Amino acid sequence: AGLLLVSKHLKEAKGQELLRSLPLISAAVGPSFLVRLLRTPAGQHTNDSASSPRPIGPYASLGITVSATLALDPTLAPLFLPAMPHLVSHLQNWTKADSTSTLLDLLRLVPLLASLPEAPSVLLPRGLAAA
């Protein structure tokens, strides 16, 4: 329930209020918890085809929303690099059953993380990042 309040605050806060609250929320929630949310099972199939992608689950969607906002703070963004494979997977498997706001959060978060100077060393196999 607390994370839902955090999500509501992040959507309503503006400007300096938002920026001041990001490190506090990150310290209270913890990036590792948000990364675990991103790995929660997907939702149920919305049609009869078991081969079609399953919608993003509600916990993963909440994790995406909070992570996308916390990553606006340049000191917090690198903390979410370990979640990149899960974020890319959610982006690749996004379906019409998922919310548009989740898609927008993914489209904002994935390029932001990929542009960080630390991204190649975290995302690429060892040795390839240095090349």
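These legends accompany several close-up views of a predicted model.

Local features are described where pLDDT is at least 70, side-chain atom pairs count only at pLDDT 80 or more, and totals for chains, interfaces and linings use all residues. Residues are numbered from 1 along each chain as its sequence is written, and side-chain values use heavy atoms, with hydrogens and water left out.

**Figure 1. The overall fold has seven helices and zero strands.**
Starting at the N terminus, the elements run α-α-α-α-α-α-α. Helices here are DSSP runs of H or I with at least four residues, strands are runs of E with at least two, and both are numbered from the N terminus. Of the 131 residues, 40% count as buried; buried means under 20% relative accessible area, exposed means over 50%, and partly exposed lies in between (1.4 Å probe, protein chains only). The protein exposes about 7600 Å², and carbon and sulfur atoms supply 62% of that area. Accessible areas come from the Shrake-Rupley method with a 1.4 Å probe, and for residues only the protein chains shown count as cover. Among contacts between residues at least 6 apart in sequence, 64% join residues at least 24 apart, a contact being heavy atoms within 4.5 Å.

**Figure 2. The largest nonpolar core brings together 31 residues.**
Such a core is a set of buried Ala, Val, Leu, Ile, Met, Phe, Trp, Tyr and Cys residues joined through side-chain atoms within 4.5 Å. Look for L10, V66, L70, L87 and L113, the residues with the most contacts inside this core. At least two core residues come from each of α1 (2-12), α2 (15-29), α3 (31-38), α4 (58-70), α5 (84-92) and α6 (100-114). Helix α4 gives the largest share, six residues. Around L87, and setting aside residues up to four places away in sequence, you will find L38, I64, L106, L109, V110 and L113 in contact.

**Figure 3. Helix α4 is mostly covered, with eleven of its 13 residues buried.**
The buried residues are A60, S61, L62, G63, I64, T65, V66, S67, A68, T69 and L70. The helix should span 18 Å at 1.5 Å a residue, and its end C-alpha atoms are 18 Å apart, so the two values agree; the expected span is 1.5 Å times one less than the number of residues.

**Figure 4. S67 and T69 give two views from within α4.**
S67 is buried because its relative accessible area is 1%. Beyond residues up to four places away in sequence, S67 touches L34, F80 and L109. V35 lies 32 residues from S67 along the chain, yet their C-alpha atoms are separated by 8.4 Å. T69 has 9% relative accessibility and therefore counts as buried. With the same sequence neighbours left out, T69 touches L10, L18, L22 and R108.

**Figure 5. H90 sits in α5, while V110 belongs to α6.**
At 12% relative accessibility, H90 counts as buried. Leaving out residues up to four places away in sequence, H90 touches L38, I56, A60, I64 and L106. V110 is also buried, at 12% relative accessibility. Outside its neighbours within four places in sequence, V110 is in contact with M84, L87, V88 and L91. The C-alpha atoms of V110 and F80 are 9.9 Å apart, with these positions 30 residues apart in the sequence count.

**Figure 6. R108 and D105 form a salt bridge.**
Side chains of opposite charge can pair when their charged atoms come close. In this view, the N to O distance between R108 and D105 is 2.9 Å. A salt bridge requires a side-chain nitrogen of Lys or Arg within 4 Å of a carboxyl oxygen of Asp or Glu, and a search of the whole structure finds one. Both partners lie in α6, three residues apart, about one turn of the helix. R108 is partly exposed, at 34% relative accessibility, whereas D105 is buried, at 11%.

**Figure 7. V122, L123 and L124 make a nonpolar surface patch of about 220 Å².**
Patches consist of residues with over 30% relative accessible area and no salt bridge; like charges are joined within 9 Å, and nonpolar side chains (Val, Leu, Ile, Met, Phe, Trp, Tyr) within 5 Å. L124 is found in the segment after α7 (119-123). Its relative accessibility is 38%, so L124 counts as partly exposed.
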